[in-house]
Amino acid sequence: MRVLLIEDDTNLGPALQEFLTDQGYAVDLATTGATALERVRQYAYGLLVLDINLPDCSGLQLLAQLRSQGVDVAVLLLTARDALEDRVAGLDAGADDYVTKPFELAELAARVRVFARRVSGQAQPVLQLGPLSLDTVNREARVHQRRLSLSVREFSVLEELLSRAGKVVTKQQIVQSLSATDADFSENAVEVYIYRLRRRLEGTPITIQTIRGFGYLLEAP
């Protein structure tokens with residue numbers, strides 16, 4: 001499951017991102033409401049973990065805006081406000097659940113697992129191109145049912161390519177997707193992961209073509 005964490009705390013945000021990544025999720029981090037809106041327009045998320053206090057807007061305002069635009073992604077609120085009226089306001093704004101700060105990481109993990117189970121029950125949790133399949137819930141890739149041994153970053157790059165199968169994916173698009181989980185991720189790093197994926201896919205009919213001046217295209221016969 002792909003998660004967008006919207007948290008402006010410079011210590012808590014990266015720590016939660018690392019924790020959820022270790023739990024097996026693909027986690028992007030946004031520190032403002034504006035960045036979150038941009039991310040939601042670009043990518044399909046299974047869950048938004050939304051802090052109620054953001055520097056450029058209220059988390060509730062952001063949530064209301066998303067719902068008014070027809071975005072129906074699940075939302076888990078992070079809030080320090082535990083008064084009944086605040087919890088009701090969050091749910092009325094369109095949140096699916098909430099966690100009150102301070103919270104235990106085990107509790108957060110359990111709440112996120114609930115949403116992951118919901119996503120796994122939705123249609124097409126597996127991306128497919130020819131003999132290549134990507135299980136986006138269990139984070140497994142297979143070619144002709146043979147499991148590919150991929151690192152977290154390799155899987156994420158392959159997911160970006162496969163989610164846009166038949167279209168050229170630019171280095172910038174890959175960097176934008178993965179830089180949230182690695183501040184040092186660069187266009188040079190993209191080349192490294194593309195090289196590694198090609199090695200992983202050797203002997204299979206799946207190829208990654210370089211479209212010079214544009215980006216990469218994932219192909220199958």
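Trainee: What volume does the second largest pocket have?
Mentor: About 190 Å³. Keep in mind that this is a predicted model.

Trainee: Which residues are closest to the centre of that pocket?
Mentor: Arg 139, Leu 150, Ser 151, Val 152 and Phe 155 are the closest, out of 13 residues that line the second largest pocket.

Trainee: And which helices and strands supply at least two residues of the lining?
Mentor: Two helices and two strands do: H1 (12-22) and H6 (152-163), along with E8 (140-143) and E9 (146-148).

Trainee: How does the lining of the second largest pocket divide into nonpolar, polar and charged?
Mentor: Six of its residues are nonpolar, three are polar and four are charged.

Trainee: Back to H6. How many residues has H6, and what does it reach from first C-alpha to last?
Mentor: H6 has 12 residues and reaches 16 Å, close to the 16 Å expected at 1.5 Å a residue.

Trainee: Why call H6 largely enclosed by the rest of the structure?
Mentor: Because nine of the 12 residues of H6 are buried. The buried ones are Glu 154, Phe 155, Ser 156, Val 157, Leu 158, Glu 159, Glu 160, Leu 161 and Leu 162. Phe 155 has already come up as one of the residues closest to the centre of the second largest pocket.

Trainee: Take Ser 156 in helix H6. What does its side chain reach?
Mentor: The backbone oxygen of Val 152, at 3.0 Å. Ser 156 has 11% relative accessibility, so it counts as buried, the cut-off being under 20%. Val 152 is also among the residues closest to the centre of the second largest pocket.

Trainee: Which residues does Leu 218 touch, not counting those up to four places away in sequence?
Mentor: From H6, Leu 218 touches Leu 158, Leu 161 and Leu 162. The other residues that Leu 218 touches are Leu 129, Leu 132, Gly 166, Ile 206, Thr 207 and Ile 208.

Trainee: Where is Leu 218 found, and is it buried or exposed?
Mentor: Leu 218 is in strand E11, residues 215-219. Its relative accessibility is 3%, so Leu 218 counts as buried.

Trainee: How many residues apart in sequence are Leu 218 and Val 169, and how many Å apart in space?
Mentor: They are 49 residues apart in sequence, and 8.7 Å apart in space from C-alpha to C-alpha.

Trainee: Different topic. Where is the place of Thr 204?
Mentor: Thr 204 is in the loop between helix H8 (187-200) and strand E10 (207-211). Thr 204 counts as buried, because its relative accessibility is 15%.

Trainee: What does the side chain of Thr 204 reach, and which residues is Thr 204 in contact with beyond its sequence neighbours?
Mentor: The side chain reaches the backbone oxygen of Leu 201 at 2.6 Å. Leaving aside neighbours within four places in sequence, Thr 204 is in contact with Val 143 and Arg 146.

Trainee: How many cavities of 30 Å³ or more are there?
Mentor: Two. The second largest cavity has a volume of about 40 Å³. Of the 11 residues lining it, Leu 77, Asp 86, Arg 87, Gly 90 and Tyr 98 are the closest to its centre.

Trainee: What gives the most to the lining of the second largest cavity?
Mentor: H4 does, with four residues. Strand E4 (74-79), helix H4 (84-93) and strand E5 (97-100) each supply at least two. By class, the lining has five nonpolar, two polar and four charged residues.

Technical notes
Residues numbered from 1 in each chain as written. Predicted model: local features only at pLDDT ≥ 70, side-chain atom pairs only at ≥ 80, totals over all residues. Heavy atoms only, no water. Buried < 20%, exposed > 50% of the residue type's maximum accessible area, 1.4 Å probe, protein only. Polar contact = N/O pair within 3.5 Å; in protein donor to acceptor, adjacent residues only side chain to side chain. Contact = heavy atoms within 4.5 Å. 1 Å grid on protein atoms, 1.4 Å probe; cavity = no way out; pocket = protein on both sides within 12 Å on 5 of 7 lines; lining within 4 Å. Points joined across faces, edges and corners; volume = space filled by probe spheres on them. Nonpolar A, V, L, I, M, F, W, Y, C, P; charged D, E, K, R; others polar. Expected span 1.5 Å × (residues − 1).
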